[in-house]
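Student: Can you zoom in on one buried serine for me and show where it sits? I'd also like a quick sense of the whole chain and any odd backbone spots.

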Amino acid sequence: MVAIEDARSSVRAVVAEHPCPSWLQGIATANRLRNTSSGHEESDPQVVFATMQQLCMHGKVAQRLAAARMLSRVSRYADVNVLDFLRGNNISSEGFGMRDKASEVRAAAATTAGVLARDTGNPAIIASLIDLFEDSDGTVRSSALSALSKVAALGSDQYCVDTLLLRLAGSSWSARVLSAQALGDIAVRGMPSVVSGLAAALADDDWAVQKAAAKSMGIVANVGDLFALEALLPLLHDADWRVRKTAVVAIGNVAERGCLRAITAILLRLDDTSVAAPQRLDQGTADVLDVKLSAVIVLERLAEANDAHVLGALYTFQGSLRLPLDDKLHRAVMHACENLSAVIAHDVEIDGERGCGAGGEGDEYEDESCSVASDESVRSVSSCDSSDEALFHNVHALDYAHYPATVGAGGG
């Protein structure tokens, strides 16, 4: 027995001189937490929480990141203790979760909070996620926006809507952009306060805020809402091509078929021009084509069948195109003329989100595009081949993400 005790004492002395590396301790703790969640050990919530604390307060970013992600799998739904821990608002978790110094941990904590508090409308989580709209890291802001759309109950969370409207008028540009986007995700069509708030944001000095507000306006405003339509029309002459394109798409979602005010304004975008000097050979052409392409699709949506004025403008515009440079635009014009000339009535959906009618599912953030979904009856009379059909179901075929913010000022 004496020999065994001496051996143990020697081992303890060695361990004291050469402690286990922190990364190895983290792995061991993570394995214990996995086993606890899998039923291999006692599944007492206190055990899970205690083990979670060991991970979350770890000095290594990788271990804290693993903990933030793992909590979505091992914690109970809407567990208040875990949610408070993720917010970083109690003493034991100060500096962790959404307040962690590492941006990847903050992003993971926001994502996990969205999973654990889904559809709860938890005001504390909503407030913390909206606070992250001002984070310096884009990934954190994006994660917070995605999580907020999960936590807030669609159309019934007045607290969230009111908070977003306040941030929409705030000083932080990133908070204004994300608040406008979030309102498009959670608000239902026709909410007067949201439509008014977005209309005010359309006059923002920042192009990104204008673009986000225009996109959400096209989702939230009722079809035929003249107030929303009048608020969107000035953006058709904005200096930034991305704002003009988004406004074209939003007007297509808000205006009623046959609305002369909207049709006349969209027709002017067929002559969309860029006054900014392109920094690359294709930019000065590509951004303008994108606005024109959106205008053609919206005209197909809004014009009445056999509208001689619109058909004449489209045929004249078609004659000015240069092939093969304008091939995509040329085929889009042909498609619109054929459908507008058809006797069979048809509908066109703009932007693939909630459509132009009474509703539907919206997408999550980020890149807007235009898509056309014609009835089978229209497809049967269309002479477009299969490649054309693919184009018209995804006309946003060019990648514009790399274009600089200075490209695409527009006249009109």
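Tutor: Let's start with vocabulary: a residue is called buried under 20% relative accessible area, exposed over 50%, and partly exposed in between, using a 1.4 Å probe and protein chains only. By that yardstick, buried residues make up 51% of the 412 residues in the chain. Keep in mind that this is a predicted model, where local features need pLDDT of at least 70 and side-chain atom pairs count only at pLDDT 80 or more, while totals for chains, interfaces and linings use all residues. Residues are numbered from 1 along each chain as its sequence is written, and side-chain values use heavy atoms, with hydrogens and water left out.

The chain has 20 helices and 0 strands; these are DSSP runs, numbered from the N terminus, with helices being H or I of at least four residues and strands being E of at least two. A contact means heavy atoms within 4.5 Å. Of the contacts between residues at least 6 apart in sequence, 71% join residues at least 24 apart. As for surface, the chain exposes about 18500 Å², and carbon and sulfur atoms supply 55% of that; the areas come from the Shrake-Rupley method with a 1.4 Å probe, and for residues only the protein chains shown count as cover.

Now your serine. S174 is part of helix 10, residues 173-186. With a relative accessible area of 6%, S174 counts as buried. Leaving aside residues up to four places away in sequence, S174 touches F133, E134 and R141. For F133 there is a specific atom to look at: the S174 side chain reaches the F133 backbone oxygen at 2.8 Å. The S174 side chain also makes a polar contact with the side chain of S172, at 3.1 Å. Polar contact here means a pair of N or O atoms within 3.5 Å; within protein, one must be able to donate a hydrogen and the other to accept it, and residues adjacent in sequence count only if both atoms are side-chain atoms.

On to the backbone oddities. A78 has phi near 60°, a positive value in a residue other than glycine, and sits in the loop between helix 4 (61-74) and helix 5 (80-87). A78 counts as partly exposed because its relative accessibility is 29%. D119 also has phi near 60°, again positive and not in a glycine; its loop runs between helix 6 (103-116) and helix 7 (123-131). At 55% relative accessibility, D119 is exposed. Finally, L323 and P324 are joined by a cis peptide bond with omega about 5°, and P324 lies in the loop between helix 17 (308-319) and helix 18 (327-341).
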